[in-house]
Amino acid sequence: MVKNEVMVDEIPFPSQFMVNNKPLPLMGHGITDIEIHFLQIKFTAIGVYLDPEIVTHLQQWKGKTGAELTENDEFFEAIVNAPVDKFLRVVVIKEIKGSQYGVQLESAIRDRLAEVDKYEEEEEEALEKIVEFFQSKYFKKDSVITYSFPATSGSAKISFAIEGKEDLEIEVENANVVEMMKKWYLGGTRGVSPTTISSLANNICVELSK
């Protein structure tokens with residue numbers, strides 16, 4: 001029997017998610033956290049759902065260990081660029097203002113775009129819209145943010161759900177911003193959550209060895 005849920009830091013994540021009528025399995029999970037004076041403060045739990053077909057795009061890494069893949073940014077670049085559906089589910093552990101999350105996202109994406117000379121007016125506008133979307137929200141514990149990256153387009157959909165309220169969503173159509181959003185969560189050694197990166201590497205390593 002397939003377990004229907006995986007616990008990520010006491011938060012249940014479905015073991016698969018239906019995206020475009022296709023079940024995407026949970027391929028990696030982890031948390032974002034910070035350590036202050038030896039105290040670990042956890043912010044979010046993360047689940048990464050990928051079309052299993054992604055393995056066909058990663059064959060050149062067959063035979064590498066999970067530990068080797070964790071350190072290999074080219075491997076994660078290939079995950080980001082693979083033309084398959086990707087879905088991220090982020091659950092709030094420690095409540096914060098949506099504006100704080102929006103600013104973190106904005107500065108991470110802006111820095112990455114500036115590094116590769118892709119931060120122009122269009123990117124700035126797209127980022128402003130995302131910041132505005134989060135601005136008025138309050139991320140209570142267990143609120144859910146999802147990122148949906150369809151295989152066939154350079155756009156993304158971000159949604160925010162809080163219990164008892166209607167889901168809100170925004171479409172991001174700037175392909176450069178969308179690429180860096182993926183990299184914020186899936187960007188190898190520079191990803192926002194090392195535990196998620198390591199989990200993804202180990203799970204895909206297993207899939208590659210089949």
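What follows is a friendly exchange about this predicted model.

Reader: Happy to start with the overall picture: how many helices and strands does the chain have?

Author: This is a predicted model, so the count describes the predicted fold. The secondary structure of the chain comes to 6 helices and 11 strands.

Reader: How does the radius of gyration of the chain compare with what the globule rule gives for 210 residues?

Author: The C-alpha trace spans about 45 × 45 × 40 Å along its principal axes. The globule rule gives 17 Å for 210 residues, and the chain is close to that, so it is as compact as a globular protein of that length. The radius of gyration of the chain is 17 Å.

Reader: What share of the contacts with a separation of 6 or more comes from residues 24 or more positions apart?

Author: As background, 49% of the 210 residues count as buried. The chain exposes about 11,200 Å², and carbon and sulfur atoms supply 49% of that area. For the contacts you ask about, residues 24 or more positions apart account for 64%.

Reader: Which residues does UniProt list for the chalcone isomerase domain?

Author: The record is an unreviewed entry, and its label reads "domain: Chalcone isomerase". Over the listed stretch the chain is 37% helix and 30% strand, with the end C-alpha atoms 20 Å apart. The UniProt entry gives this domain as residues 19-203.

Reader: Now for the inside: which residues of the largest nonpolar core touch the most other members?

Author: This core has 53 residues. Its largest share, 7 residues, comes from α5. A second, separate core of 14 residues includes V8, V19, A45 and A161. In the largest core, the residues touching the most other members are F134, I145, Y147, I158 and M181.

Reader: Leaving aside its neighbours within four places in sequence, what is F134 in contact with?

Author: F134 belongs to the largest nonpolar core. Several of its partners, including G98, S99, Y101, G102 and L105, are also among the buried residues of α3. With neighbours within four places left out, the contacts of F134 are G98, S99, Y101, G102, L105, F139, I145, Y147 and I158.

Reader: Which elements do the buried residues of α3 pack against?

Author: Helix α3 covers residues 98-115, and its 26 Å reach from first C-alpha to last is close to the 26 Å expected for its 18 residues. Its buried residues include E106, A108, I109, R112 and L113. Those buried residues pack against β7 (96-97), α4 (121-135), β8 (138-139), β9 (144-149) and α5 (175-186).

Reader: How many residues of α5 are buried?

Author: Helix α5 has 12 residues and reaches 16 Å from its first C-alpha to its last, close to the 16 Å expected. Among its buried residues are V177, M181, W184 and L186, along with E179, K182 and K183. The helix is largely enclosed by the rest of the structure, because the buried count is 10 of the 12 residues.

Reader: On to backbone angles: what is the phi of E10 near?

Author: Most residues other than glycine have a negative phi. D9, in the loop between β1 (5-8) and β2 (11-14), has a positive phi near 50°. E10 lies in that loop between β1 and β2 too, and its phi, also positive, is near 70°.

Reader: Is E10 buried or exposed?

Author: D9 makes a useful reference, as it counts as partly exposed at 34% relative accessibility. Exposed means over 50%. With a relative accessible area of 73%, E10 is exposed.

Reader: Is D51 buried or exposed?

Author: D51 sits in the loop between β5 (39-50) and α1 (66-70). Leaving aside neighbours within four places in sequence, D51 is in contact with K22, L24, M27, V84 and D85. The cut-off for buried is under 20% relative accessible area. At 5% relative accessibility, D51 counts as buried.

Reader: How far apart in space are C205 and E95, C-alpha to C-alpha?

Author: C205 is found in helix α6 (residues 194-208), and at 18% relative accessibility C205 counts as buried. Beyond its neighbours within four places in sequence, C205 is in contact with K64, T65, G66 and L69. C205 and E95 are 110 residues apart in sequence, and their C-alpha atoms are separated in space by 34 Å.

Conventions
Residues numbered from 1 in each chain as written. Predicted model: local features only at pLDDT ≥ 70, side-chain atom pairs only at ≥ 80, totals over all residues. Heavy atoms only, no water. Helix = DSSP H or I, 4+ residues; strand = E, 2+ residues; numbered from the N terminus. Expected span 1.5 Å × (residues − 1). Buried < 20%, exposed > 50% of the residue type's maximum accessible area, 1.4 Å probe, protein only. Contact = heavy atoms within 4.5 Å. UniProt positions renumbered as here; feature names shortened; annotations may be inferred. Rg over C-alpha atoms; globule rule 2.2 N^0.38 Å. Areas by Shrake-Rupley, 256 points an atom, 1.4 Å probe, with all protein chains shown as cover. Core = buried A, V, L, I, M, F, W, Y, C linked by side-chain atoms within 4.5 Å.
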